[in-house]
Amino acid sequence: MSGKVAVVTGAARGLGRAFTEALLKRGDKVCFCDVDVQQGKQTENELKKNFGDDNVQFLPCDVQKDEEFKDFFNRVIQKYNTVDIMVNNAGIMNENQWRTTIDINLTAVIHGSLLAMNHMKNKSTGGGLIVNVSSLAGVMPVSFCPAYTASKHGVIAFSRSWALQPELKRNRIRITCLCPSFADTDIIKGTDDRVHGPELARMVMKQYGLMVFPYPNDQTLYFEIVVSTLNPYYVAFDSENSHLYWTGRTLGKINRCNPNGSDPTTIVDVSIPVALTLDTHNSTQNSIALHKVTFDGKANQVVVNLTAWPIDIEIGMSVIYMLIKLKYYRYHIMSV
Ligand SMILES: NC(=O)C1=CN([C@@H]2O[C@H](COP(=O)(O)OP(=O)(O)OC[C@H]3O[C@@H](n4cnc5c(N)ncnc54)[C@H](O)[C@@H]3O)[C@@H](O)[C@H]2O)C=CC1
Ligand SMILES: CCCCC/C=C\C=C\C(=O)C/C=C\C/C=C\CCCC(=O)O
């Protein structure tokens with residue numbers, strides 16, 4: 001996938017910057033935008049020094065503003081002739097500004113995805129990858145930030161729904177959601193007045209730990225890899241190579257096996273949390289059904305049910321605790 005042209009929104013700092021660096025390291029060209037012009041320019045200068053003037057460019061853009069976003073996207077095409085990878089990353093967390101939260105975290109992600117799809121399906125070389133940054137708050141309710149959580153659920157719902165369109169697959173466009181756990185970036189700083197119940201929020205964050213960026217071996221930044229985290233036993237499926245992924249008892253332990261359960265291998269074993277990505281590429285109704293896979297994780301047996309019909313990946317925390325007590329885990333994940 002290297003040698004591609006990528007767009008990353010909200011990449012002046014934080015995860016967006018980390019994604020940009022990861023793409024640059026692979027040999028891609030990256031054009032990134034941000035509403036914070038000063039920080040954007042500074043980041044651009046730093047990245048140009050490391051990766052070369054021609055390979056990275058910053059353009060100011062507020063993704064909330066439709067025309068600005070469209071112009072930004074078109075300027076990338078003018079400069080590089082194409083866009084192969086679109087990372088819709090820009091996001092905020094502010095429960096007091098819930099409408100803005102929805103506008104940036106969801107509406108702009110929809111807009112960015114549509115801009116990318118329209119371009120990718122028409123370009124002569126065809127195809128592309130869209131990475132929509134959701135959150136673990138996209139797969140479970142989070143009491144201290146309901147609007148943020150709604151926006152992130154929306155990102156997954158939008159991405160999965162598009163992934164059901166045969167048109168997308170026909171045009172070789174892959175759409176992926178990245179669902180990180182708490183990461184050590186500015187979004188979580190000074191959030192006391194932006195969340196409901198900051199004490200609870202701090203407690204939860206302490207309990208789950210913070211991801212450190214850049215991630216030591218770049219595993220989480222390698223978009224093709226579908227992995228999972230937070231609580232153990234989240235399961236994901238990679239449509240590209242049919243691998244199944246599940247976590248161990250500790251955050252940061254990720255295992256992989258073949259679809260028939262053979263060759264279980266630990267691919268990541270670190271003491272820090274990693275991210276969950278949901279791969280929506282394969283969510284088509286007519287794909288094959290792998291009804292049941294059973295394999296042994298190190299700590300406990302994990303039973304994975306995969307069905308041919310797209311069903312919800314969401315599992316309530318209470319269900320997880322109940323299953324943990326029973327030492328028996330059964331998950332429905334999206335269709336294969
Ligand atoms: N840090 C965390 O714990 C987690 C973050 N995420 C998501 O990751 C994404 C990136 O967040 P972080 O890097 O953590 O936060 P951050 O606050 O460090 O970076 C967000 C960037 O987006 C930019 N931005 C905000 N509004 C914008 C707009 N209207 N137009 C253009 N750029 C805009 C900001 O200026 C900033 O540079 C967000 O979508 C966030 O919801 C998801 C899960 C966990
Ligand atoms: C003290 C303030 C903390 C505010 C956190 C700010 C930003 C968080 C961004 C995220 O996307 C958070 C990521 C994941 C949250 C998911 C799960 C929390 C678990 C909730 C629970 O167990 O009740």
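A polar contact is a pair of N or O atoms within 3.5 Å. With that cut-off, the surroundings of ligand 1 can be read in this predicted model.

Arg 13 offers one such contact: an N or O atom of its side chain lies 2.8 Å from an oxygen atom of ligand 1. The side chain of Asp 62 also takes part, with an N or O atom 2.8 Å from a nitrogen atom of the ligand. Val 35 contributes through its backbone instead, where an N or O atom is 3.4 Å from a nitrogen atom of ligand 1. On its own, ligand 1 would expose 830 Å², and the protein buries 95% of that area. Two elements each give two or more residues to the surrounding shell, namely helix H1 (14–26) and helix H5 (146–163).

The shell around ligand 1 holds 29 residues, of which Asp 34, Asn 89, Tyr 148, Ala 183 and Thr 185 come nearest. By character, the shell divides into 15 nonpolar, eight polar and six charged residues.

Attention now turns to helix H3, which comprises the 15 residues 66–80. At 1.5 Å a residue the helix should span 21 Å, and because its end C-alpha atoms are 21 Å apart, the expected and computed values agree. Its buried residues are Phe 69, Phe 72, Phe 73, Val 76 and Tyr 80. These buried residues cover an arc of only 95° around the axis, and therefore they lie on the same side of H3. Glu 67 and Gln 78, by contrast, are exposed on the other side of the helix.

How values were computed: Residues numbered from 1 in each chain as written. Chains lettered and ligands numbered in written order. Predicted model: local features only at pLDDT ≥ 70, side-chain atom pairs only at ≥ 80, totals over all residues. Heavy atoms only, no water. Near = heavy atom within 4 Å. Polar contact = N/O pair within 3.5 Å; in protein donor to acceptor, adjacent residues only side chain to side chain. Areas by Shrake-Rupley, 256 points an atom, 1.4 Å probe, with all protein chains shown as cover. Helix = DSSP H or I, 4+ residues; strand = E, 2+ residues; numbered from the N terminus. Nonpolar A, V, L, I, M, F, W, Y, C, P; charged D, E, K, R; others polar. Expected span 1.5 Å × (residues − 1). Buried < 20%, exposed > 50% of the residue type's maximum accessible area, 1.4 Å probe, protein only. Arc of directions from axis to C-beta.
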